[in-house]
Amino acid sequence: MISNNVSATDIVPDLQKQHRWGESIIQAMLFLFAALSVLTTLGIIVVLFSQAFRFFARPEVTLSNFFTDSSWQPQIGHFGIFVLINATFLTSLIAMLVALPLGMMIAIYLAEYASPRTRGALKPILEVLAGIPTVVYGYFALTFMTPLLQRIIGQDVVEIFNVASAGIVIGILILPLITSMAEDALSAVPYSLREAAYGLGATKLETALKVVTPAAMSGLTAAFIVAISRAIGETMIVAIASGAGPRNFKNWQDAFHNLAMFNPFKAAETMTGHIVRISGGDISYESIDYDSLFAIGLTLFLITFALNIISRQIVKRFREVY
Amino acid sequence: MTKNASFPEGQDLNRFIKRRQQKGVIWRSLFLLATTIGVVALMILLITIIDDSMGYVAIQYKVEPDDLVIGFYQGMALDAPNVQTSNDMAWLADAIAGDANAVGLLDETGYQARADALQAIDVTDAPLHDVVVVASKDNSWAQNISSLELMNLFAVTENWSDVRDGWPDAPIRRYLPAPDSPALHTFIAQTYGDNPATQPTEALLAMLVQHVSAGKMRQLIDEKPLAARTREEYVDLITEQVLAPTVAATWSLFDSIFHAETVMAEAAQIPRAQVQFHRWITWDFITSPQSSKPEFAGVRTAILGSLWVVFITLIFSVPVGIGAAIYLEEYGSGGRLDQFIENNINNLAGVPSIIYGMLGLAVFVRALEPLTSGSLFELANPTTANGRTILAAGLTLGLLILPIIIINAREAIRSVPRAFREASYGLGATQWQTIWYHVLPNAIPGILTGSILAISRAFGETAPLVVVGASTAIFMDPSGPFSKFTTLPIQIYQWTSRPQAAFQNLAAAAIIVLLALLLALNAIAVILRNKYQRSY
C-alpha cells in the first residue's frame with residue numbers, strides 16, 4: 001500500500017490579502033450615493049444664486065429697491081421684499097405665540113408629571129398630529145378657524161383671508177415638533193439632578209421649572225429654533241388661508257399708519273405663499289415673475305440656513321454634558 | 001453680620017410650604033389643560049372634516065328626472081295608433097262604452113260614473129290605484145292582463161291580437177286623458193316607474209337621443225360605440241347630459257342633523273331645488289376621474305398620480321438612502337469629509353420643502369427636460385411634451401426625503417450590535433459580505449419603518465409639486481412616468497381654493513381618502529416595527 005502521508009505542513013496557503021475588485025466598486029458606489037447629498041446642497045445653492053443673479057441683473061431691479069420698497073408688484077417695477085418678509089414674520093410670530101407656551105407645558109407635563117400610561121396614550125396622538133399633511137391644516141384654517149375668528153372678533157374686523165388664522169393653525173402644526181424635541185431634551189437631564197432638588201425640599205413644580213428646564217436649555221433652544229424654521233418654511237397653510245396677494249403699501253408712512261402693516265386680521269401673502277401662487281399658474285421661463293421667485297427663494301433659504309447654523313452652534317456651545 | 005431674609009420658621013414655615021404646593025397644583029392643572037388643548041385641536045380637526053363631507057344638498061336639475069321619464073312615456077303613449085284624448089272624463093267614458101274595441105284610462109270617479117257600461121281590466125301582477133284601465137262591457141276577451149301586456153296595450157300595437165294571441169284581430173282604439181293630466185301621470189309612474197335609474201336600456205337610449213343634440217350624439221358614439229355601453233353607463237350619461245344636476249347649496253352634517261328646519265327653510269328659497277342627504281365620499285367618488293363639475297368630480301386621476309409619483313420616489317430614494325447610510329456608518333472614517341457630508345445631510349433635513357420644488361423646477365423640469373419629458377426615449381408627443389412629468393416630480397420628492405431616509409437608516413444600522421460584525425470578520429468575511437449578510441438583514445426592520453414614514457411624508461407633500469408643475473386640468477389617468485400628473489394633496493388644494501360650496505365638500509371627502517391612505521401606511525409601519533422589534 002502506497003502511503004499518501006499528507007500533513008498539515010504540506011499545504012502552503014497563500015495568506016496574502018486577496019484584492020477583491022467587487023468590494024472596491026461597491027465602496028465607490030456607496031460613496032457616490034452619500035455624496036449625492038452634497039450634490040443636492042450644491043444644486044440648491046447654484047440654482048438659487050444663479051437664477052436670483054439673473055433677477056438682480058435686470059435693469060429695473062436694484063438692491064436698494066429690493067430692500068427698501070414698500071410694495072411687491074414686479075409687473076410695475078416694485079420689488080420690496082420686506083412686504084413678504086413681514087407677512088412671513090407675522091404668521092411665524094403668531095404661530096410661535098401659540099405653539100411655544102403650549103408645547104413647553106405639554107413637554108413638561110409629559111416629562112415630569114405624566115404616568116407611563118398617560119405618556120403611552122399621548123405620544124401616539126402627537127405623532128398623528130405630526131403626520132397630518134399641511135394641506136389638511138390649510139383646509140382646517142379656511143373652513144373652521146377663520147369663521148371662528150370672525151364669530152369671536154367680528155366679521156368686519158376679520159377678513160376671509162387673514163394672517164391670524166393661518167398663524168394659529170401653523171402653531172398647531174408645529175406643536176408636536178416642539179413638544180417632542182422639548183420632551184427629549186427634558187428627559188435627557190439625568191435623574192440625579194431632580195433627586196438632588198427633591199432632597200433639598202423643592203416641590204415638583206420648582207424642580208421642573210428651576211432645575212430641569214435650565215439644565216435642558218440648549219436642547220430647548222434648539223427645539224425653539226427648529227420650530228421657527230419650520231413655521232417660516234410652511235407653505236400650504238398660508239397659501240390657502242392667508243391671502244392671494246402681498247399686503248402692499250404706497251409708502252412706509254402708510255404702512256405704519258395705525259400699524260396697518262402688523263394687522264393680523266387682514267390678508268397678506270407670505271414669501272412661500274407667493275412662490276406657490278405664481279408657480280401654480282402659467283408662467284413663462286423668461287418673465288420677471290419667474291426670476292423673482294428665485295430671489296424670494298434665495299432669501300428664504302438664507303434665513304432658514306442661518307437659523308439652522310445658529311441652532312447647531314447653540315447646542316454645541318451650551319450643551320451640558322453630564 | 002446682617003441676617004437677610006431667612007428661612008421662615010414655625011407657622012410661617014407651614015404657610016410658605018403650603019403656598020408653594022398650591023402653586024404646584026395650579027401649574028400642574030395648567031400643564032394638563034395645555035395637553036387637553038392639543039388633543040382637542042386634533043379632534044376638532046377630524047370632526048370638521050367629517051362635518052363637511054356629508055349633509056343636505058339642494059340640487060337643481062335642468063330637466064327633473066321624473067319629468068324626463070314621464071314625458072318620454074307619455075310621448076310614446078300619445079304617438080300610438082288610434083289615440084284620442086280629452087279632458088272630459090265623461091266623454092271618454094261614453095266613447096269607451098260605445099266601442100267594443102276601445103280601451104282607455106279613467107280616474108276612479110270617472111269609472112264609477114259609467115260603471116254600468118264599463119268594465120275594469122285588472123293588471124294582475126301590479127294592480128293600479130287612483131286610475132283604472134277600462135274597456136267596454138261589450139269587450140268579452142280582456143279581463144286580466146299582465147303589466148307587460150299593459151305596456152304593449154298602450155304603445156305601438158295595432159290590433160288586440162298583437163297584445164295576446166287569441167284576442168281578436170280588431171284595431172285597438174285608445175282613449176286617454178289629456179296630456180299632463182294627473183291621471184295620465186300617475187298611470188305612467190305606476191306602470192313604467194319615474195326614475196331613470198330603473199329604466200331599460202332601449203328606453204334610456206331613446207331618451208338620450210331625444211334630448212341630446214346630434215353633434216353630441218356623434219361625439220358619444222366616437223368615444224364608445226352605443227352597443228358597448230352598459231345600462232348603468234346609459235343612466236350615468238342621461239344624468240350628466242340631460243338631467244344636468246347642479247348643486248345650488250350645501251349644508252354641513254352638524255347643521256343637517258341639528259338645524260334641519262333652518263336647512264329646509266333656506267332650501268325652500270331656492271327655486272326648483274330638491275333637497276337630498278348626500279354623502280360626498282362614495283365609491284363613485286373614488287373611481288371617477290376629475291371633472292370641472294363638482295357633481296361628477298372624483299379623485300381617481302389624483303390617486304393614480306400620487307401612487308405613480310410615490311413609486312418613482314421610492315425606487316430612487318430608498319436604495320440611494322440606504323446606500324449612503326451604509327457608507328457613512330460602515331465605510332466612513334469619521335474624518336473631515338465624512339463630517340462634512342453628515343453636516344450637509346442635517347442641513348438638508350431642515351430646508352423648507354418649497355426650495356426642493358424650485359430645485360426640481362430648475363434641474364429636472366428645465367435642465368433635464370429631454371430626460372424627464374421622455375423625448376430622449378422618443379416616447380413623448382413633441383407638441384405637448386415638457387418636463388412637468390411624473391418622473392420630475394418623483395425625483396424632486398426623492399431628493400426631499402433622502403436626508404430623512406439616510407438619518408433613519410443610519411440609526412437602524414447603528415443599532416445592530418458590534419458583536420455581529422466582529423463575529424463575521426472573525427470567520428473571514430469581507431466587509432461587504434458582513435454588511436450584506438449580517439448587518440443589513442438585522443437593520444432592515446428599522447430601515448423599513450423609517451422608509452415607510454418618509455414615504456407617507458412624500459405622499460402628503462404639496463408645495464414642491466405645485467412648483468414643479470402639477471397640471472391643473474387633467475382628466476386622463478397617468479399612463480407612465482412621462483405623463484402629466486396631479487396628486488391627491490394638490491387636488492385638495494385646488495378644490496379648497498375654489499369659491500363654490502360644493503368644492504369645499506369635495507375637498508373634505510378627498511381629505512378623508514388621503515388620511516385613510518396615510519393611516520394605512522402608518523399602520524403597516526407600526527405593525528412591522530412591533531413584529532420585528534428585537535432587543536439585543
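**Exercise 1. The surroundings of a core residue**

Leaving aside its neighbours within four places in sequence, with which residues is Tyr137(A) in contact?

*Solution.* The model is a predicted one, and the contacts given here are read from its atoms. Within chain A, Tyr137(A) is in contact with Leu129(A), Ile132(A), Val169(A), Ile172(A), Leu173(A) and Ile237(A), and across the chain boundary with Leu45(B), once neighbours within four places in sequence are set aside. The next step is to place this residue in its wider setting: Tyr137(A) is listed among the residues with the most contacts inside the largest nonpolar core, which has 215 residues. That list also includes Phe294(A) from chain A, and Phe154(B), Trp160(B), Leu208(B), Phe285(B) and Trp495(B) from chain B. Apart from this core lies another one, of 26 residues, among them Ile106(A), Val189(A), Leu205(A) and Ala208(A).

**Exercise 2. The contact between the two chains**

Determine how many residues of each chain take part in the contact between chain B and chain A, and describe the area that is buried there.

*Solution.* Counting by contacts, 76 residues of chain B meet 69 residues of chain A. Turning to area, the two chains bury about 6600 Å² between them, and 75% of this lies on carbon and sulfur atoms. On the side of chain B, Phe31(B), Met358(B) and Arg366(B) supply 10% of the area buried against chain A, more than any other three residues. The last step concerns charge: two salt bridges are counted between chain B and chain A. Arg366(B) has a part here as well, since its side chain meets that of Glu286(A) in a salt bridge with an N to O distance of 4.0 Å.

**Exercise 3. A nonpolar patch on the surface**

Identify the residues of the nonpolar surface patch that includes Phe82(A), and decide whether Phe82(A) is buried, partly exposed or exposed.

*Solution.* The patch is formed by Leu63(A), Phe67(A), Phe82(A), Trp252(A), Phe256(A) and Leu259(A), which together have about 600 Å² of accessible area. Two elements of chain A give two or more residues to it, namely helix H2 (63-68) and helix H11 (252-256). Phe82(A) itself lies in helix H3, which spans residues 81-113 of chain A. Its relative accessible area is 37%, and because the class between 20% and 50% is called partly exposed, Phe82(A) is partly exposed.

**Exercise 4. Two helical residues of chain B**

Compare the settings of Thr434(B) and Val363(B) in terms of accessibility and contacts.

*Solution.* Thr434(B) has its place in helix H20 (residues 431-460) of chain B, and with a relative accessible area of 1% it is buried. Beyond residues up to four places away in sequence, Thr434(B) touches Arg421(B), Ser424(B), Tyr425(B), Ala429(B) and Val439(B). Val363(B), by contrast, is found in helix H16 (residues 353-367) of chain B and is partly exposed at 26%. With the same residues left out of the count, Val363(B) touches Val47(A) and Leu368(B).

**Exercise 5. Positive phi angles**

What is the phi of Asn82(B), and what is that of Ala244(B)?

*Solution.* Although Asn82(B) is not a glycine, its phi is positive, at about 65°. Asn82(B) lies in the loop between helix H2 (65-78) and strand S2 (83-86) of chain B, and its relative accessibility of 39% makes it partly exposed. Ala244(B), also not a glycine, has a positive phi of about 45°. Its loop runs between helix H10 (231-243) and strand S9 (246-250) of chain B, and at 21% relative accessible area Ala244(B) is partly exposed.

Conventions
Residues numbered from 1 in each chain as written. Chains lettered and ligands numbered in written order. Predicted model: local features only at pLDDT ≥ 70, side-chain atom pairs only at ≥ 80, totals over all residues. Heavy atoms only, no water. Core = buried A, V, L, I, M, F, W, Y, C linked by side-chain atoms within 4.5 Å. Buried < 20%, exposed > 50% of the residue type's maximum accessible area, 1.4 Å probe, protein only. Contact = heavy atoms within 4.5 Å. Patch = residues over 30% accessible without salt bridge, like charges linked within 9 Å, V, L, I, M, F, W, Y side chains within 5 Å. Areas by Shrake-Rupley, 256 points an atom, 1.4 Å probe, with all protein chains shown as cover. Helix = DSSP H or I, 4+ residues; strand = E, 2+ residues; numbered from the N terminus. Buried area = accessible area lost by both parts, 1.4 Å probe.
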